[in-house]
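Trainee: I would like a close look at a single part of this model. Please pick one strand and work outward from it.

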Amino acid sequence: MGRVSEGGEAPPVFRGRALLTRKSKIRVSEKENGSSEPGRGTMGKGPRETRIDTVIAGVERRCLARGVYMIGPEKGLFLRGLVERARPGFVVECGTALGYSGLHILSALQSIGKGMLFTVEIDPIRAREAGKNFCRAGVSKLVEVMVGDAAEVLKGIAGSVDFLLLDNNFENYYKSFLAVRRRLADGALIVADNAGIGASAMADYLGHVRSRFTSELRWFDTALPWADRDAMEVTVFKTISA
Ligand SMILES: C[S@@+](CC[C@H](N)C(=O)[O-])C[C@H]1O[C@@H](n2cnc3c(N)ncnc32)[C@H](O)[C@@H]1O
């Protein structure tokens, strides 16, 4: 059975990269999910890419059918390319939902052969579903899903964050960014989704990064039911300006 573990103490988890309580970590067993997990050693191009892309397509369909917001294919491919070029060792995502954007990130990590994703979702039902999707895609060894408010959870992480995706409701971006700021590596990339349709609600965040760092607004034709055009803010974090 998969479970949300209930540990009372706070030992380090996440393979030594993040210090977090076990309380809200999602675990989905292979048995529950009905898939086997070969691990990175046997992952490569070809059949594995097909598997993750098949799962991405299925998650996209479920998100659209149920009205669960996700970044969509255009921004997904852009995100994938960014991760492939940045070659991050440690990626943090705020707002997992059903794992759609996470799967794009994981596909990139799989293709570059390095890196881990740590993703935070406040809704435990969504987090569990995302965990199952990561299992189905064969990438669960590369990802940790945490349940909680990103602005709280991220205060507890250790290690150096090379890539940050903010996608956990516009008004939460700035406090989530502040929670992880001291862990961001010099030159880390930060991508804030919905910087077009949500610009006014995330004005505090956008004002902060645009006044301190190199930051660019990238527009997309999205063809999603909730927006046919939207943007992502892509920022290069510099410790000297933080
Ligand atoms: C737009 S969806 C994320 C979509 C996802 N990144 C994707 O593209 O597949 C926003 C998600 O953020 C979650 N959320 C909202 N507030 C949050 C918070 N304070 N901390 C973590 N997650 C939060 C919501 O439950 C929702 O699932």
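Mentor: Start with pairing: two strands pair if DSSP finds at least two bridges between them. Helices (H or I, at least four residues) and strands (E, at least two) are DSSP runs, numbered from the N terminus. The model is predicted: local features need pLDDT of at least 70, side-chain atom pairs count only at pLDDT 80 or more, and totals for chains, interfaces and linings use all residues. Residue numbers start from 1 along each chain as its sequence is written.

The part I pick is strand β7, residues 184-193. On one side, β7 pairs with strand β6 (residues 161-166) in the parallel sense, over five bridges. Phenylalanine 163 stands opposite leucine 189 in β7. Strand β9 (residues 227-236) is also joined to β7 by five bridges, and these two run antiparallel. Leucine 189 appears here too: it stands opposite valine 236 in β9.

Next comes burial. A residue is buried if 20 or more other C-beta atoms lie within 10 Å of its own, exposed if 12 or fewer, and partly exposed in between; C-beta atoms are placed from the backbone. Strand β7 is mostly covered, with seven of its 10 residues buried. For the protein chain, buried residues make up 46% of the 242 residues.

Now widen the view. The protein chain has eight helices and nine strands. Seven of the strands form an open sheet with mixed pairing, in the order β5-β4-β3-β6-β7-β9-β8. Its edge strands are β5 (143-147) and β8 (214-224), each pairing on one side only. On average, neighbouring strands of this sheet are turned by 15 degrees against each other, direction ignored. For such angles, axes are lines fitted to C-alpha atoms, for helices over the stretch in contact, and angles run from 0 to 180 degrees between N-to-C directions.

Helices pack on this sheet. Contact means that the C-beta atoms of two residues, placed from the backbone, lie within 7 Å. Helix α3 touches β3, β6, β7, β8 and β9, and its direction makes about 145 degrees with that of β8. Helix α4 touches β3, β4, β5 and β6, and its direction makes about 170 degrees with that of β4.

Helix α7 also reaches our strand. Six of its eight residues are buried: Tyr173, Tyr174, Ser176, Phe177, Ala179 and Val180. These buried residues pack against β3, α6, β6, β7 and α8. Take the last of those partners. The axes of α7 (residues 173-180) and α8 (residues 203-212) come within 7 Å and cross at roughly 50 degrees. Angles under 35 degrees count as roughly parallel, over 145 as roughly antiparallel, 65 to 115 as roughly perpendicular and the rest as oblique. The two helices α7 and α8 are therefore oblique to each other. Tyr173, Tyr174 and Phe177 in α7 meet Asp204, Tyr205 and His208 in α8. By class, that contact has four nonpolar, one polar and one charged residues. Here Ala, Val, Leu, Ile, Met, Phe, Trp, Tyr, Cys and Pro count as nonpolar, Asp, Glu, Lys and Arg as charged, and the others, Gly among them, as polar.

Just upstream is the loop between β6 and α7, where asparagine 169 is found. Its phi is near 75 degrees, a positive value in a residue other than glycine. Asparagine 169 is partly exposed, because 17 other C-beta atoms lie within 10 Å.

Finally, go out to edge strand β8. Tryptophan 219 lies in β8. It has 11 C-beta neighbours inside 10 Å, so it counts as exposed. Leaving aside neighbours within four places in sequence, tryptophan 219 is in contact with Gly196, Arg229 and Ala231. The C-alpha atoms of tryptophan 219 and methionine 232, 13 residues apart along the chain, are separated by 6.6 Å. Alanine 223 is found in β8 as well. Alanine 223 has a positive phi of about 50 degrees although it is not a glycine. It is exposed, with 11 other C-beta atoms within 10 Å.

To return to the start: β7 pairs with β6 in the parallel sense, runs antiparallel to β9 and has seven of its 10 residues buried.
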